[in-house]
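Please work through the exercises below with the model open beside the text. Each task is followed by a solution in steps.

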Amino acid sequence: MSNYINRNNRWVPIIIAVSVVVGIVIGTFFANRFAGNRLNIINTSSNKLNDLLHIIDDQYVDTVDIASIVEQSMPKILEELDPHSTYISAKDAKTANDDLKGSFSGVGIQFVIREDTVRVTGIIKGGPSEKVGILAGDKIVAVDGEPYVGKVVTNEETLHRLKGEKGTQVKIDVLRHGQKKPISFVVVRGDIPLKSVDATYMINKELGYINIKNFGETTYAELLTSLAELEVEGFKGLVIDLRGNGGGYLSAAIQMVNEFLPKNRLIVYTQGRRSRREEYRSDGRGSYQDLPLLVLIDERTASAAEIFSGAIQDNDRGVIVGRRSFGKGLVQQPIEFADGSLIHLTIARYYTPSGRCIQKPYVKGQPKEYEMDLITRYERGEFFSQDSIHQSGEKYKTSIGRIVYGGGGIMPDYFVAEDTTALTPYYTECVSQGVIAQFCFEYTDNNREKLSIYDNAADLEKYLRRQGLVDSFVHYADNKGIRRRNNMIIKSQHLFEQAIYGSIIYNMLEMSDYVQYLNRNDITLEKAIQLFKTKQTKPTLSAK
């Protein structure tokens, strides 16, 4: 008996030792697995964000769509850098570049959405829709055999359904005014040109005018075409209107400025932490180096449009007229991901020839404050008084020694205040509620046949003035819940006429006709015309 016990006791220490080892192994495994002790992985990694996503994917209590988390996080991460570093999803990437590419593939219509229905407002000349017979005023009620009305109808969804690869087909059913049943069209998608130049015409016998809405791949070629047209008309001076121009490609701005500068003038230079200084200079081949030049800008003039304005101003090549520009002096580089999404990452700042960076101040991680800047300017009176403008940047000098400032946009050589003499709360409410646009669209839609006999803005306006449209609009607005205010209507009469007639002209004629109509009573353009007549297109130290 005792021998049996002694033999068993010999194995006890070994069994205990094995048990301890097994316990340690099991305990370590479960501790690492469930008690968060996998932090040792993070401590040895240089990419905490990537590790965080792995841990969430591996250990989080519920199933998580990691791709969705990444999509939502990318914009917020870039938001911490600066206001112009942005993320664009794969879905939106192609659309985001269309305006600057100069063309896209689609059906060739312009549209608005009214009462959950797509309504065709214009047909691109020579485009696929014109070829098959779709008309302005048609209402799209089905696409590819499926009804397309109601809450599903949005701008994004409409573009998604109508755009597509060149040569592909789309069936569009439209309801036409006066017809009881829809009409079906099969449209073969094709290349649709997108123009950067909205208007080119002679203001008078000597002064030409070009309105440029952005700086895209075809803008320089369009500019040359416009200049050639004006040369045939014998122009002796030029107004380039960049108001509302949000910019675009740096290369386009450089090419365009080059047409107006003598040889070896600095146009712009860029520089960043990892980007060495790169200068862009004129080559002296420009055909309009001595042409009197006036450039119109406002608070919505930004980016490449500011490069153009800054190069003209700093080289004392022409005069800048209007209000202080937006103030975007950061250069973005597009970087594409494998799924087609991309980021626009700020890699440098651009500097005008005098050495100023015109980027307005911003606080990292506070994009809303940056976005509110134009409202802040308005509230402190900057649109109405030059003395209200705050530019905190350093002073710089142009080629002849004029003082210019960095840190907040291009300040014009001649300031023109915004005209608010006829502005009333009633008019503001009508505009902000979109009631004027709605009224004009419905009027156009109901009277398209009568209006179509007029092929120019002057004749169409004469007809519209006889129709009592302001009174008709007031009744329309009253039915929409905007109470009639007679004194304010009288005070804003001119504004209502301009807005209503202009919108109908826009609906029926070309963009150039619309621009010319609005320009007839434009005080900034009037200032430019006056400067040309008095031969004040050459900058001097006394320009104000």
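**Exercise 1. Identify the residues that F308 touches in this predicted model, leaving aside residues up to four places away in sequence, and place F308 within its core.**

*Solution.* Begin with the contacts, counted as heavy atoms within 4.5 Å. F308 touches F215, I240, L242 and A253, and also M256, V257, F260 and V295. Next, consider the core as a whole: the largest nonpolar core has 39 residues, and F308 is listed with F215, L238 and F260 as touching the most other members. Helix α11, residues 304-314, contributes six residues, the largest share of this core. A second core, separate from this one, has 33 residues, among them I436, V474, I489 and M508. As background, nonpolar side chains in soluble globular proteins tend to be buried together.

**Exercise 2. Determine the strand order of the open sheet of six strands, and explain why one side of β10 and of β21 has no neighbour in the sheet.**

*Solution.* First, write the order, which is β10-β11-β12-β15-β16-β21; the pairing is mixed. Second, look at the edges: β10 (197-202) and β21 (414-415) each have a single partner strand, so each is left with one side lacking a neighbour in the sheet. Third, examine the pairing at β10. This strand is antiparallel to β11 (residues 207-212), and five bridges join the two. One of the residues involved is T200, whose bridge partner in β11 is I210.

**Exercise 3. Is β15 enclosed or open to the surroundings, and which way do its side chains point?**

*Solution.* Apply the burial criterion of under 20% relative accessible area. Five of the five residues of β15 meet it, so the strand is largely enclosed by the rest of the structure. Now separate the two directions: L293, V295 and I297 point one way, while L294 and L296 point the other, and all are buried. This agrees with the general pattern that side chains in a regular strand alternate between the two faces of the sheet.

Then inspect the strands paired with β15. β12 runs parallel to β15 and is joined to β15 by four bridges; D241 has L296 as its bridge partner in β15. β16 is likewise parallel to β15, with four bridges between them, and L294 has V319 as its bridge partner in β16.

**Exercise 4. Which strands do helices α21 and α22 lie across, and what covers the buried residues of α21?**

*Solution.* Start with α21 (residues 511-519), which lies across β10 and β11 and runs at about 60° to β10. Proceed to α22 (residues 523-533), which lies across β10, β11, β12 (237-241), β15 (293-297), β16 (319-322) and β21. The angle between α22 and β15 is about 165°. Finally, return to α21: the buried residues are D513, V515, Y517 and N519. Their cover includes β10, β11, α17 (457-465), α20 (493-508) and α22.

**Exercise 5. What is the average pLDDT of the protein chain, and how many contacts do residues 1-5 and 28-42 have beyond near neighbours in sequence?**

*Solution.* Take the chain average first: the pLDDT is 87, and 88% of the residues score at least 70. Then turn to the two stretches. Residues 1-5 have a pLDDT below 50 and zero contacts beyond near neighbours in sequence. Residues 28-42 also have a pLDDT below 50, but this stretch has 14 such contacts in the model.

Conventions: Residues numbered from 1 in each chain as written. Predicted model: local features only at pLDDT ≥ 70, side-chain atom pairs only at ≥ 80, totals over all residues. Heavy atoms only, no water. Core = buried A, V, L, I, M, F, W, Y, C linked by side-chain atoms within 4.5 Å. Buried < 20%, exposed > 50% of the residue type's maximum accessible area, 1.4 Å probe, protein only. Pairing = 2+ DSSP bridges. Axes fitted to C-alpha atoms, helices over the stretch in contact; angles between N-to-C directions. pLDDT = per-residue confidence, 0-100.
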